Amino acid sequence: MTAPAEILDCRGQRCPLPVIAVARRLPELPVGTVVRVLADDPAAAVDLPAWCRMRGQEFLGTITGTDGPAFDVRRRH
């Protein structure tokens, strides 16, 4: 798995705020960049992959670590 170039800490934020954070940040990064979104709202596990499908971005998967749930997204375009 590709290491994230950036981490967005959205812990404590209710959806759709983590999705909005990734939607705002991704266009500022080069194509191919991986962003890890830390989000402890259970809805993020559904909303982030769905957003990636709708927007043509790549959802790389869910990581469970010491910082809680995290979601990796790669900018495709």
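Reader: Which residue does glycine 61 stand opposite in β4?

Author: Happy to start there, keeping in mind that this is a predicted model. Strand β3 covers residues 58-65 and strand β4 covers residues 68-74, and the two pair in the antiparallel sense. Across that pairing, the residue in β4 that stands opposite glycine 61 is aspartate 72.

Reader: How many bridges hold the pairing of β3 and β4, and how many residues join the two strands?

Author: The antiparallel pairing of β3 with β4 runs over seven bridges. A hairpin makes the link from β3 to β4. The number of residues in that link is two.

Reader: In what pattern do the helices and strands follow one another along the sequence?

Author: Let's count the pieces before ordering them: the chain has two helices and four strands. The hairpin strands β3 and β4 carry the highest strand numbers here, with β3 at residues 58-65 and β4 at residues 68-74. Read along the sequence, the pattern is β-α-β-α-β-β.

Reader: Where is arginine 74, and is it buried or partly exposed?

Author: Arginine 74 has its place in strand β4. Buried would need a relative accessible area under 20%. Arginine 74 has 21% relative accessibility, so it counts as partly exposed.

Reader: Which residues does arginine 74 touch, beyond those up to four places away in sequence?

Author: There is a good handful to look for in the structure. Among them are Thr2, Gly32, Thr33 and Val34. The list also includes Glu58, Leu60 and Gln57.

Reader: Where does glutamine 57 lie, and is it buried or exposed?

Author: Glutamine 57 lies in the loop between α2, residues 44-55, and β3. Its contacts beyond four places in sequence include Leu26, Trp51, Cys52 and Arg74. The cut-off for buried is under 20% relative accessible area. With 10% relative accessibility, glutamine 57 counts as buried.

Reader: What is the relative accessible area of valine 22?

Author: First find valine 22 in helix α1, which spans residues 17-25. Leaving aside neighbours within four places in sequence, valine 22 is in contact with Leu8, Pro27, Val35, Val37 and Trp51. Valine 22 is buried, and its relative accessible area is 0%.

Reader: How far apart in space are valine 22 and aspartate 9, C-alpha to C-alpha?

Author: Along the sequence, valine 22 and aspartate 9 are 13 residues apart. In space, C-alpha to C-alpha, the separation is 10 Å.

Reader: Which peptide bond is cis?

Author: Look in the loop between β1, residues 6-9, and α1, where proline 16 is found. Most peptide bonds are trans. The bond in question has omega near 20 degrees, and it is the one from cysteine 15 to proline 16.

Reader: What radius of gyration does the chain have, beside that of a compact globule?

Author: For 77 residues, a compact globule would have a radius of gyration near 11 Å. The C-alpha atoms fill a box of roughly 30 × 25 × 20 Å along the principal axes. The radius of gyration of the chain agrees with the globule value, at 11 Å.

Reader: What share of the contacts with a separation of 6 or more comes from residues 24 or more positions apart?

Author: Some background on the whole chain helps here: of its 77 residues, 36% count as buried. Contact means heavy atoms within 4.5 Å. Among contacts with a separation of 6 or more, the share from residues 24 or more positions apart is 64%.

Methods: Residues numbered from 1 in each chain as written. Predicted model: local features only at pLDDT ≥ 70, side-chain atom pairs only at ≥ 80, totals over all residues. Heavy atoms only, no water. Rg over C-alpha atoms; globule rule 2.2 N^0.38 Å. Buried < 20%, exposed > 50% of the residue type's maximum accessible area, 1.4 Å probe, protein only. Pairing = 2+ DSSP bridges.
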